[in-house]
Every structure is written in structure tokens, then in C-alpha cells.
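Me: I would like to go through the labels attached to this model and ask what each of them rests on.

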Amino acid sequence: MSSENKGGRRVIVLVLPEVNLLDLGGPVQAFDAAAHLGADYRLEFAAVGAGEVRSAQGLHLAGLDPLPETGPGDLVLVPGPRLRASGPDFPQTAVTWVRAAVHAGARVASVCTGAAVLAEAGVLDGRRCTTHWSLVDLMRSRYPRARVRDAVLYVHDGPVSTSAGIAAGIDLALSLIERDHGPSLTAAVARALVVYLRRDGSQRQVSAFLEHRGHLHAGVHRVQDHLAQHLDSPHTLDELRRRMQTPVPGLGPAATPASAGARLPTLPV
């Protein structure tokens, strides 16, 4: 199954059994938006044996093409499939095809657990790469020749690109689009996707704004949201207490961060 545009450079999406939908849909929509804005991308969707694949979330994806011949100018995109506790178990035909694609001169990019497919194919040997933060240790132990980096969103190493989990696939796609078509069109794609903040590959996988959020106090969440949106403004404990709308022990009279001293860290922000 391919997009209507018959020209341009191909983005061949390898749809594996139990693929995660956001790993697939996020980057695909970025390339599709770029094509609608004038980029020369043509999306194709292929699978081992063609036909139909069941996603990890239960949606059946049909009308898939057989694995095609690849060459220079092609980009092979490998969205991440769900991994079982027993470890990676991918169709050998897909692994062999990915290896052949790289040898034929195609670029290859993986999202999340898709990095394990690239590693199984041997294309990460000696290369810098990344994957979902929860898989870093597994990748390092199973594929010692891959130079797995943590605390980054995506990595380019020659014709091979890898990204961290789920939403980072959009960041990777935007980076690839920028490499092909420059920052102006990429910014237009980001606006079309309503991407709040474009992130470069060196940023951490776990957002600082999501840390210390393991509590159930709605008032504290309101304060955390306010602080995250007003990083350039001074705040007093009295103001934060009012925003919480609920008395919390330890938040005393108004104070600035400088005068609050050691008391301020008691508020999980």
C-alpha cells in the first residue's frame, strides 16, 4: 500500500507484527504532512508476506505490500513492535531485508523497539544508537557491539538513525525532514502537527516537567503546571498556596524562593 504520489523519494514503512500504533502513526503523519507541503516523499507500507498485520493495540492493518527492492534514495522506517519478556523475536525475513536495504544504499530509521530489529540485522554494530529508556540495558547486554546511548531522543550515525520511545519518533521524523528539506518546511510541518516544542536529539527522554508527579494531589499538580509555564517569573509561597486552593502543611507565610531557604524543596516541583 502506497501513497498516491508516484514520484519522489520513497519512505518504506516496515510494518511488523504487534507494531505500536503511535510508533508508526507519528512519524508517518510527519512525512505525510511534509509531502502535502511540497516535500518529495512517497509513503509505502510493507510487511513480511504482505496482506494484514495485527498491531499491539489490536487494530488490524491491511492492504500491505510485500517487501520491495530498495536502493539509494530510499528511507526504510521501522516502527517499534511490542517486545515480549522472552526478548526480541522478529521475522527473520524482515531482519534480512533491513540488512540488505542498508547494503543497497538505503537510509534506515527506527522508532523505539525498532532499534532491536536494526541490531538483529547487524546494522548497529559500531554505531551510536538509542532506544526506549526501558530497553537500554537489554540492548547493551544483547548487542554489545552497538554503542547504545541513553538520555537522548534520537541519534544519527551515517545512514542509520534511531529514536527513543513513542513520541520521540515524531522528533526523529522532523529531524530527517529538516536534513532533506531544511528548517523552513520542517517548521511548517511542526505547526501542522501542532507540535508544542521541537526537541533536538540531545534532550533527555524523561521530561523534567514529568518528574515528581507520582502523587494524587490536584492542587500540587496545578502549582507544578503554573511553575512550568512561568519559569521566568518570581513566585512566593503565598501565591502558590492560593493556586493550590487547598491548605497544605508546610506552606507557611509568603516567601520568595531565595528567602524560603531549605523549606522550598518540600514542595515537589
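Reply: The answers below concern a predicted model, and they take up burial and salt bridges in turn.

Me: Why is S163 called buried?

Reply: The relative accessibility of S163 is 0%, and because buried means under 20% relative accessible area, S163 counts as buried. This residue is placed in strand 10 (residues 160-163), and, leaving aside neighbours within four places in sequence, S163 is in contact with residues including S110, C112, T130, Y154 and L172.

Me: What makes E44 and R10 a salt bridge?

Reply: The N to O distance between their side chains is 3.5 Å, which is to be set against a cut-off of within 4 Å, so the pair qualifies as a salt bridge. The pair links distant parts of the chain, with E44 in strand 2 and R10 in strand 1, 34 residues apart.

Me: Are E44 and R10 buried or exposed?

Reply: E44 has 11% relative accessibility and counts as buried, and R10, at 15%, counts as buried; the limit for that label is under 20%.

Me: Why is R142 called partly exposed?

Reply: R142 has a relative accessible area of 39%, and because partly exposed lies in between under 20% and over 50%, the label partly exposed applies to R142. R142 forms a salt bridge with E120, the closest N and O atoms being 3.1 Å apart. E120 lies in helix 3 and R142 in helix 4, so the pair ties together parts that are 22 residues apart in sequence.

Definitions and conventions: Residues numbered from 1 in each chain as written. Predicted model: local features only at pLDDT ≥ 70, side-chain atom pairs only at ≥ 80, totals over all residues. Heavy atoms only, no water. Helix = DSSP H or I, 4+ residues; strand = E, 2+ residues; numbered from the N terminus. Buried < 20%, exposed > 50% of the residue type's maximum accessible area, 1.4 Å probe, protein only. Contact = heavy atoms within 4.5 Å.
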